[in-house]
Amino acid sequence: MARKFEDDGGVTVIKSGRISEIFHLLFVERLCRMPELYSEDRCVRNKYGDIVHHGIDAYKGIAASERFIAEAYMSGEVLPRLYKQSVMWFTRAREHGSIRALVSLGDCYFYGNGCPENRKKAYEMYCEAAEQNSPEGFFRKGVCLFDGSGCDIDYPQAYACFKKALGIR
């Protein structure tokens, strides 16, 4: 179903489905509000092009692109820094099998970025990532075990996690 939409800049856009929504979100809105995108700085152009490309793929359910969009919202470099949007995209990427998104979502819960701070939930996510042999998951699980964040302090287990994160047997 197509919808007619007029943005703040007076540009009329016909939208149909999720793919055109991402075009509005990332093309019309950002282009109208970010004149520096027209500069000769290739880095900015490349980041912007990546955002559009990954934004389309993210709406198709591709986990790597969903994680990319989440990280863009988290960093605030090209997209506005919106932690709740970041959590939403990390959650979608996690549901589509991204281990890195799982670790990043754990970080959101650990620090309370875009969601209520919940160290226990963060620890559980780090454990889940570690079970899938993620070095980042092992490292963060080790930090939680060392500090007692979301779990009981367990130095031998923390040491074992740090060794696994470094690839030491």
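Biologist: Phe139 first. Buried, exposed or partly exposed?
Modeller: Partly exposed. Its relative accessibility is 43%. Bear in mind that this is a predicted model.

Biologist: And Phe162, buried or partly exposed?
Modeller: Phe162 is partly exposed too, with a relative accessible area of 23%.

Biologist: How many aromatic pairs does a search of the whole structure find?
Modeller: Four. One of them is Phe110 with Tyr126. That pair is tilted, with 6.4 Å centre to centre and 45° between the planes.

Biologist: Which helices does that pair tie together?
Modeller: Phe110 lies in helix 5, residues 99–111, and Tyr126 lies in helix 6, residues 119–131. The pair therefore ties together parts that are 16 residues apart in sequence.

Biologist: Are those two rings buried or exposed?
Modeller: Phe110 is buried, at 9% relative accessible area. Tyr126 is buried as well, at 2%.

Biologist: Back to Phe139 and Phe162. What geometry does their pair have?
Modeller: Tilted. The centres are 5.6 Å apart, and the planes make an angle of 50°. Phe139 sits in helix 7, residues 135–147, and Phe162 in helix 8, so this pair ties together parts 23 residues apart in sequence.

Biologist: Which residues do ring pairs link into a cluster?
Modeller: Phe110, Tyr111 and Tyr126.

Biologist: What lies over the face of Phe110?
Modeller: Arg119, at 3.9 Å from the ring centre.

Biologist: Switching to cysteines. How many disulfides does the count come to?
Modeller: Zero.

Biologist: Why no bond for Cys108?
Modeller: Because the closest cysteine sulfur, in Cys115, is 5.6 Å from the Cys108 sulfur. That is too far for a bond; the cut-off is 2.5 Å. Cys108 is also buried, with a relative accessible area of 1%.

Biologist: Which cysteine holds the closest sulfur to Cys127?
Modeller: Cys151. The two sulfurs are 7.2 Å apart, so they are too far for a bond. Cys127 is buried, at 15% relative accessible area.

Biologist: Now the surface. Which residues make the nonpolar patch of about 320 Å²?
Modeller: Phe146, Ile153 and Tyr155.

Biologist: Where is Tyr155 found?
Modeller: In helix 8, which covers residues 155–166.

Biologist: Why does Tyr155 count as partly exposed?
Modeller: Because its relative accessible area is 47%. Exposed would need over 50%, and buried would need under 20%.

Conventions. Residues are numbered from 1 along each chain as its sequence is written. This is a predicted model: local features need pLDDT of at least 70, side-chain atom pairs count only at pLDDT 80 or more; totals for chains, interfaces and linings use all residues. Side-chain values use heavy atoms; hydrogens and water are left out. Patches are made of residues with over 30% relative accessible area and no salt bridge: like charges are joined within 9 Å, nonpolar side chains (Val, Leu, Ile, Met, Phe, Trp, Tyr) within 5 Å. Accessible areas come from the Shrake-Rupley method with a 1.4 Å probe; for residues, only the protein chains shown count as cover. A salt bridge is a side-chain nitrogen of Lys or Arg within 4 Å of a carboxyl oxygen of Asp or Glu. Helices (H or I, at least four residues) and strands (E, at least two) are DSSP runs, numbered from the N terminus. Buried means under 20% relative accessible area, exposed over 50%, partly exposed in between (1.4 Å probe, protein chains only). Rings of Phe, Tyr and Trp (its six-membered ring) pair if their centres lie within 6.5 Å; planes under 30 degrees apart count as stacked, over 60 as edge-to-face and the rest as tilted. A charge sits over a ring if NZ of Lys or CZ of Arg is within 6 Å of the ring centre and within 35 degrees of the ring normal.
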